[in-house]
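Please read the points below with the sequence and the model open beside you, and look up each residue as it is named.

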Amino acid sequence: MSASKPLEGLVVLEFAQFLAGPLAGLRLADLGAQVIKVERPGKGDLGRQIYLSDTDIGGTNTLFQAINRNKQSYAADMKEPADHARLMKLITQADVLIQNFRPGVFDRLGFSYETLKALNPGLIYASVTGYGASGPWVDLPGQDLLAQARSGVMWLNGFEDGPPQPVGLAVADMLAGHNLTQAILAALVRRGFKGQGAKVDTSLLESLVDFQFEVLTTHLNDGGRMPDRPKNHGAHAYLPAPYGVYPTANGYLALAMTPLHRLFELLGMETPEFGLGEDRAFSHRAEISMLLAKRLSTRGTEAWLAILQPADIWCAEVMSWPDLLASDGFKALDMTQRLALANGDTVETTRAPYQIDGQVSASSSAAPMVGEHTDQIVADFNL
């Protein structure tokens, strides 16, 4: 790892599978920590077998490659006495431990917080669950889509007369991973000041509730009233017209907060009978959106951008992935990298989304093979 990375020298043990826990490990690895992924001998992390497509890279899928770069793999059977003893010795030398077993499972394997705190008082012990460590949902599957369904996000994301709409990616897992990383870093800072370890917990549901803090705060302080989901084109249950996404002659155009009088003028539209006052943007949201949709459908997206952007109207073309990847704006960010696997295959993936001292955080290695670093770790840590 580069000496310029801020977490170099920290040892992180990742007893985690799938996405939420490994994402926290990924972020710490990108920041320079030595992240040792503890996997079952043979198959390893179950996430290795979850394919988003039929693309196979070095015997693993793209999902696993995306969230396990910069890590080392240590193969161990936690139920086997010799492996268990070596893991305990490894834990005494670690700074952070990440686990995302269902509540109680890791404890039954002999790795409870109390046990490990006695071995290593400075350890940051970080856990992510589906719904927390107690309550009626504690034993239910903590899976992303199911958490979205219970959180209100799925309901909020739909239209008035349509079904609830899930977010089109594993947003609960990713938010929980980021939240766990933030808490781990805060605990490490405190340890630097006070020398004490910490137990850090988050869950998919807590992360999705926090994700909605803006609108839930409104709901909690507005007499419990529910927002009116948009009938058409809208992109936010609480925001008035024109906020939303509209079809054009050759694509789609997103419109954010914009004075309606100015927008109608620029689009060459007449003021409707009910007017365009600020209150009308709420009370006639559906009608205004339909009028805008009808007008915007008469020209292509580029033509409307040429009119609206110079007038400082908040708008953007809706891009597909190929559109984004081909754009100069994306190229300027230098957001992708190609990494080599141990078997000679390569994988193209994204990089960490920040710069430190003006430098992007490039990766040193792709995701490891199962047990690829076991012998090296045994030697390095005298296990």
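**Notes on a predicted model**

1. A good place to begin is Arg48, which is found in the loop between strand 2 (34-39) and strand 3 (56-57). Please keep in mind throughout that this is a predicted model. Although Arg48 sits in a loop, this residue counts as buried, because its relative accessibility is 4% and the cut-off for buried is under 20%. Leaving aside residues up to four places away in sequence, Arg48 touches Glu39, Lys43, Thr60, Asn61, Phe64, Ser73, Pro368, Met369 and Val370.

2. The next topic is the pairing of charged side chains, and the structure holds 14 salt bridges. One of them joins Asp30 to Arg27, with 3.3 Å between the closest N and O atoms. These two residues, Asp30 and Arg27, are 3 residues apart in helix 1 (residues 20-30), so about one helical turn separates them. As a general rule, an α-helix has 3.6 residues a turn, so residues three or four places apart point the same way. Both Asp30 and Arg27 are buried.

3. A salt bridge is also found in helix 3 (residues 81-91), where Asp83 and Arg86 are 3 residues apart and therefore separated by about one helical turn. The side chains of Asp83 and Arg86 meet with an N to O distance of 2.7 Å. What is the burial class of each partner, Asp83 and Arg86? Asp83 is buried, with a relative accessible area of 13%, whereas Arg86 is partly exposed, with a relative accessible area of 30%.

4. Asp201 and Lys199 form a further salt bridge, in which the closest N and O atoms are 3.0 Å apart. Asp201 counts as partly exposed because its relative accessibility is 44%, and Lys199 likewise counts as partly exposed, at 41%. Elsewhere, salt bridges that share partners join Glu14, Lys37, Asp45 and Lys71 into one network.

5. Helix 8 (residues 171-194) deserves a careful look, since you can follow its 24 residues along a span of 34 Å from the first C-alpha to the last, which is close to the 34 Å expected at 1.5 Å a residue. Which residues of helix 8 are buried? They are Val171, Ala172, Asp173, Ala176, Gly177, Leu180, Thr181, Ile184, Ala187 and Leu188. The elements that cover these buried residues include helix 1, strand 6 (96-99), strand 7 (124-129), helix 6 (144-151), strand 8 (198-203) and helix 9 (204-211). After helix 8 comes Gly195, which has a positive phi, near 75°.

6. The last point concerns empty space, which in general is shown by rolling a probe the size of a water molecule over the atoms. The second largest pocket holds about 460 Å³ of space. Its lining is made of 17 residues, and among them Leu156, Asn157, Ala235, His236 and Ala237 lie nearest the centre of the pocket. Helix 7 (153-156) and helix 10 (213-220) each supply at least two residues of this lining, and helix 10 gives the most to it, with 3 residues. When the lining residues are sorted by character, 11 are nonpolar, 5 are polar and 1 is charged.

Methods
Residues are numbered from 1 along each chain as its sequence is written. This is a predicted model: local features need pLDDT of at least 70, side-chain atom pairs count only at pLDDT 80 or more; totals for chains, interfaces and linings use all residues. Side-chain values use heavy atoms; hydrogens and water are left out. A salt bridge is a side-chain nitrogen of Lys or Arg within 4 Å of a carboxyl oxygen of Asp or Glu. Helices (H or I, at least four residues) and strands (E, at least two) are DSSP runs, numbered from the N terminus. Buried means under 20% relative accessible area, exposed over 50%, partly exposed in between (1.4 Å probe, protein chains only). The expected span of a helix is 1.5 Å times one less than its number of residues. Contact means heavy atoms within 4.5 Å. On a 1 Å grid over the protein atoms alone, a cavity is a set of points where a 1.4 Å probe fits but cannot get out, and a pocket is an open set with protein on both sides within 12 Å along at least five of seven lines; lining residues have an atom within 4 Å of a point. Grid points are joined across faces, edges and corners, and a volume is the space filled by probe spheres set on the points. Ala, Val, Leu, Ile, Met, Phe, Trp, Tyr, Cys and Pro count as nonpolar, Asp, Glu, Lys and Arg as charged, and the others, Gly among them, as polar.
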